[in-house]
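Biologist: I would like to learn how to read surface patches and burial in a model such as this one. Could we go through it together, beginning with charge on the surface?

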Amino acid sequence: MPPYDTDIAEDNRTAADGVDNSADDEALLKEIRDRYDYAYEKWRKIRDERQIDLRYVCGDPWDATDRKARKDAGRPCVSQDELSQYVNHAVNNARQSKRGIKVDPLINATEKDSELRQDIIRTAEYRSRAPACYLTAYQSMLEGSYGFFGMSRRYVENENLTAENFNQQELWFRPFANADAVLPDPDSKQPDWSDQQYCFVLDPITREEFKRQHKNARITDFSTEHMTQAKNWIMDRMVLRAEYWKVISTQKKQYLYKGQVVEALPKGAKADGERTVTSKRVVQYITNGVEILSTNPQPGTMVPIIPVTGLERYVDEGSGPERKLFSLIRLARDPQMTLAYLASQETEEAGLTPKVPYMGYVGQFETDAEAWENLTKQPVARIQVDPIVDGASGTVLPLPTRVEFSPNFQAYEVAKDGARRAIQAAMGISPLPTAAQRNNEKSGVALQKIEQAQDIGSYHFVDALDRALMYAGRVANEYIGEIHTEEQEMTLRRPDDTNRHVRLNTEEPYIDEKTGESEHFPIDDGSHTVTVSTGPSSESLRQEVRDFVDTLLGSLKNLPIAPPQAAKVLSIAIKMKGLGPQGDQLADIISPPEQPGQQIPPEAQQAIAQAHQVIQATQAELQKLQMEKAGRVVDNQFKLQIEQMKIEADTAKAEIMTKAQSLEERLKFVEDLWAQLHGQAHEAGMQAQDQAHQQAQQEAAQQHAGELQQSQQQAAAEQQQAAQEAQPEPAGA
């Protein structure tokens, strides 16, 4: 049988091959049985605590004995669930903040190499629904202190198998819905357990099913001897089938010889230095405890079963320190049990309320018996009571009395609120905000602070998930280097959820048909480091995009850009709005998409440069004329012309850069623009000269008229003086 985590089985040893490996495998089988017994005993207490946690999460905190005693006595056995809401909040918070594996270059690697590896991992995450694997393990850890997910490989599904793609493999993520199906090495010391030397994945099946699935197994009918030999593996009706993952370590020498590291020295040579290193490899065995069903060497040096563990503590309870793992709800079990007792007691006391509203002596209700029967249902004007005389004292007995009984609900509610606060304190979280609190909060920042306050006390569980993802990334990085070694075509997923088609490990670079660029994607031998990337929730991210786009569109008319650029911005904003196919069509109409590989031709670039020169020359000429102009009217006209020509030049530059135009149109447009600008500059210069000449002539005419007037005035004065001198003197003078 191929192991159910992968369809890669390099060595299936069965009786059908005519090979009996029982003697060779006996030492390995004994090791498997001994390690299974040891690990099971080491994990027994932690597993028992997990089962109690799960009972509480499932709404049943009562011990079986207490529940039976209450049921037998007819007493209520109530549980008000206060744990699930906080577990669901933590899980949904992680679900909104998407997490993924990120690869960065370390030694002898480039950003492009790391980007390629990260795209391969992202593709595997998408195809195998890795986020669901992560969240399943995370929820198992929150509810029961530990969870697991795995890494594996499988053959690429291809309908058209050829010799080239027959052995192509890909990464794959595997979930473990039942965390107790995994039994890891209890002696691992690293926080992420990446140093575990072995791990079991358990799959119990019936004997009949084992026979159907393993027809070629050497042992299919298990005897009493087998049951005695492997008592925890072979049961009356069941067979424990398991994956046994083992890290095999070997020591080897390395020598420094002539500046190089070698593992063997030439005969008689002396090393400049030596050291002992550990070489590791991983093997997966499929076994039932009495037979090795298959042996499958695996890539990498670490067990690809990744744990997600809760808070870890070592406690000495008298027999030495023992590991304890705490779930989110572990310390909240006692206050939850207190809440269950209080709710049960409150329910029991509510049941003590009398169902008969009035009590009286026998015979008091005979006359108005019907009215007394309907007293609690129909209003009546009056009701009669038959007087009953006490035979001993001769007095009439008192009237019927109404039974007053008030269960102490208020005290119970106060006590239950205390239990709820204890539950929240045990989980390290604050109460979830009520609707009234949210209505009173006017600031979105304040609401965000409330959400952060809820998460900060339990963030160590989120950190455990990130630690597990880093472990998974290291395993995936090792797998990539070993399963992608030959030329292979792959469709990889980018961070923006688009795809790109690449060819890995080609001997020479090739030309991409879509981009027209030279590409080369070798799986390098460089070193990479792995981190975890976290993104905001998709809904909050979409809301941020909408807010940004609305702000951008509101200020679009005020941006210092030309109309073609504004059209491009508007097109991108419409696509960012996510309006669907109609929105994309509208965006393409406003700004047609660029053709792949289209570039600005050298001729157009030269024309643009010439246009810049013309603009600069025109501006210099206009500046010179501006300095020579004689009046404010001419100065204002030239300023207006300069601004207008700048706008026309910027518009022309944007239009030249538009790739939708053909080269001939661009060149013709540049020539026309050059002629137009040159003509405008020449006309402006001639106009300035004419105006200056006219002004000079006007000034000369005014000067000549002034001189003529002055000469006329002088001639008139001289004539007047001569006339005065020509008059005869009076008699007797």
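Modeller: Gladly, and please keep in mind that this is a predicted model. A negative surface patch is made up of Glu164, Glu487, Glu489, Glu507 and Glu508. Of these residues, Glu489 can be placed in strand 15, which covers residues 488–493.

Biologist: Which residues form a nonpolar patch on the surface?

Modeller: That patch consists of Phe548, Ile572 and Met576, which together have about 280 Å² of accessible area. Phe548 belongs to helix 14, residues 538–554.

Biologist: Why does Phe548 count as partly exposed?

Modeller: The partly exposed class lies between the limits of 20% and 50% relative accessible area. Phe548 is assigned to it because its relative accessibility is 48%.

Biologist: How should I read Thr309: is it buried or exposed?

Modeller: A residue is called buried when its relative accessible area is under 20%. Thr309 has a relative accessible area of 4%, and therefore it is buried. Thr309 lies in strand 10, residues 305–309, and, leaving aside residues up to four places away in sequence, Thr309 touches Met141, Ser145, Tyr146, Pro191, Trp193, Leu325, Ala464 and Arg467.

Biologist: And where is the place of Ile388?

Modeller: Ile388 sits in the loop between helix 9 (369–373) and strand 14 (401–402). Ile388 counts as partly exposed because its relative accessibility is 22%, with the limit for buried residues set at under 20%.

Biologist: Which residues does Ile388 touch, not counting those up to four places away in sequence?

Modeller: With those excluded, the residues that Ile388 touches are Val362, Gly363, Gln364, Thr395, Val396 and Leu397. For Val362, which is 26 residues from Ile388 along the chain, the separation between the two C-alpha atoms is 8.2 Å.

Biologist: How many helices and strands does the protein have, and what share of its residues count as buried?

Modeller: The secondary structure comprises 19 helices and 19 strands, and 36% of the 733 residues count as buried. As for contacts, among those with a separation of 6 or more, 69% join residues that are 24 or more positions apart.

Biologist: To finish with the surface, what area does the protein expose, and what part of it do carbon and sulfur atoms supply?

Modeller: The exposed area of the protein is about 43,600 Å², and carbon and sulfur atoms supply 51% of it.

Technical notes: Residues are numbered from 1 along each chain as its sequence is written. This is a predicted model: local features need pLDDT of at least 70, side-chain atom pairs count only at pLDDT 80 or more; totals for chains, interfaces and linings use all residues. Side-chain values use heavy atoms; hydrogens and water are left out. Helices (H or I, at least four residues) and strands (E, at least two) are DSSP runs, numbered from the N terminus. Buried means under 20% relative accessible area, exposed over 50%, partly exposed in between (1.4 Å probe, protein chains only). Contact means heavy atoms within 4.5 Å. Patches are made of residues with over 30% relative accessible area and no salt bridge: like charges are joined within 9 Å, nonpolar side chains (Val, Leu, Ile, Met, Phe, Trp, Tyr) within 5 Å. Accessible areas come from the Shrake-Rupley method with a 1.4 Å probe; for residues, only the protein chains shown count as cover. A salt bridge is a side-chain nitrogen of Lys or Arg within 4 Å of a carboxyl oxygen of Asp or Glu. Lys and Arg count as positive and Asp and Glu as negative; His and the chain ends are not counted. The place of a charge is taken as NZ of Lys, CZ of Arg, CG of Asp or CD of Glu.
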